[in-house]
Amino acid sequence: MLIMQPSICTDLAPIWQIVGWVLWVFKIVIPIIIIIFGMIDLGKAVVASKDDEIKKSVKSLVMRAVAGIIIFFIPLIVGVIFSLVGEFNQNRTEYDKCAACITNPGKTPCTTYVENATK
């Protein structure tokens, strides 16, 4: 009797796809929001024409920009970690399924895995 072992990447493809969409939101939306709020704060300080407030707002804008850049690179860091783990994984095709859904949640390989997992 052949016993099928559960596969984390194949069986949980819909969850990996959701993780991929969340990372996409982190990568695109959050840095834009951070920069917009920083520009609004800086605009308020410039309109107030107070040097101390302008310096404080510029420092805040720089810190927000750095945070936005770090958040933008979170998916890259996750991809590097997955590739390092995948190098040690004996079942490389299984890793490729996880990586496809995390890095490209709306593309064909991931959507195919999700359809097969929900059947």
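The expected span of a helix is 1.5 Å times one less than its number of residues. That rule comes in handy for the H3 view below. Every view here is taken from a predicted model.

**View 1. The whole chain is built from helices.** The protein chain has 6 helices and 0 strands. Follow the sequence from start to end and the pattern reads α-α-α-α-α-α. Of the chain's 119 residues, 22% count as buried. Now take the contacts with a separation of 6 or more: 63% of them join residues 24 or more positions apart.

**View 2. Helix H3 checked against its expected length.** H3 covers residues 51-72. How far should its 22 residues reach at 1.5 Å a residue? The expected span is 32 Å, and the end C-alpha atoms sit 31 Å apart, so the two agree. Ser57, Gly68 and Ile71 are the buried residues of this helix. Looking down the axis of H3, these buried residues fall within an arc of 60 degrees, which means that they line one face of the helix. Turn to the face pointing away from that buried side and you meet the exposed residues Asp51, Asp52, Lys55, Lys59, Met63 and Ile70.

**View 3. Ala65 in H3, with Ile32 for company.** Ala65 belongs to helix H3. Is Ala65 buried, partly exposed or exposed? Its relative accessibility is 29%, so it counts as partly exposed, given that buried means under 20% and exposed means over 50%. In sequence, Ala65 and Ile32 are 33 residues apart, yet in space their C-alpha atoms are 9.4 Å apart.

**View 4. Phe26 of H2 meets Ile71.** Phe26 sits in helix H2. With a relative accessible area of 34%, Phe26 is partly exposed. Leaving aside residues up to four places away in sequence, what does Phe26 touch? Its partners are Pro31 and Ile71. Phe26 and Ile71 are 45 residues apart along the chain, with 6.4 Å between their C-alpha atoms. Ile71 is one of the buried residues of H3, whereas Phe26 is partly exposed.

**View 5. A pair of tryptophans on H2.** Search the whole structure for aromatic pairs and you find 1. The pair is formed by Trp21 and Trp24, in an edge-to-face arrangement: the centres are 6.1 Å apart and the planes make an angle of 80 degrees. An angle over 60 degrees is what counts as edge-to-face. Both residues lie in helix H2, 3 residues apart, or about one turn of the helix. An α-helix has 3.6 residues a turn, so residues three or four places apart point the same way. How accessible is Trp21? Trp21 has 39% relative accessibility and counts as partly exposed. Trp24 also counts as partly exposed, at 43%.

**View 6. H2 packs against H6.** Helix H2 (residues 13-48) and helix H6 (residues 108-118) pack at an angle of about 145 degrees, and their axes are 8 Å apart. Which residues of H2 meet H6? They are Ala13, Pro14 and Gln17, and on the H6 side they find Cys110, Thr111, Tyr113, Val114, Ala117 and Thr118. Sorted by type, the residues of this contact come to 6 nonpolar and 3 polar, with no charged ones.

**View 7. Gln17 up close.** Gln17 is found in helix H2 and takes part in the contact with H6. Is this residue buried or exposed? Gln17 has a relative accessible area of 16% and is buried, because the cut-off for buried is under 20%. Apart from residues up to four places away in sequence, Gln17 touches Cys101, Pro105, Cys110, Thr111 and Val114.

**View 8. Ser49 in the loop between H2 and H3.** Where is Ser49? Look in the loop that lies between H2 and H3. The phi angle of Ser49 is near 60 degrees, a positive value in a residue other than glycine. Ser49 counts as exposed, at 55% relative accessibility.

**View 9. Tyr95 in H5.** Tyr95 belongs to helix H5, which runs over residues 92-103. At 9% relative accessibility, Tyr95 counts as buried. Tyr95 and Val85 are 10 residues apart in sequence, and their C-alpha atoms are 8.5 Å apart in space.

Methods: Residues are numbered from 1 along each chain as its sequence is written. This is a predicted model: local features need pLDDT of at least 70, side-chain atom pairs count only at pLDDT 80 or more; totals for chains, interfaces and linings use all residues. Side-chain values use heavy atoms; hydrogens and water are left out. Axes are lines fitted to C-alpha atoms, for helices over the stretch in contact, and angles run from 0 to 180 degrees between N-to-C directions. Helices (H or I, at least four residues) and strands (E, at least two) are DSSP runs, numbered from the N terminus. Contact means heavy atoms within 4.5 Å. Ala, Val, Leu, Ile, Met, Phe, Trp, Tyr, Cys and Pro count as nonpolar, Asp, Glu, Lys and Arg as charged, and the others, Gly among them, as polar. Rings of Phe, Tyr and Trp (its six-membered ring) pair if their centres lie within 6.5 Å; planes under 30 degrees apart count as stacked, over 60 as edge-to-face and the rest as tilted. Buried means under 20% relative accessible area, exposed over 50%, partly exposed in between (1.4 Å probe, protein chains only). The arc is that of the directions from the helix axis to the C-beta atoms.
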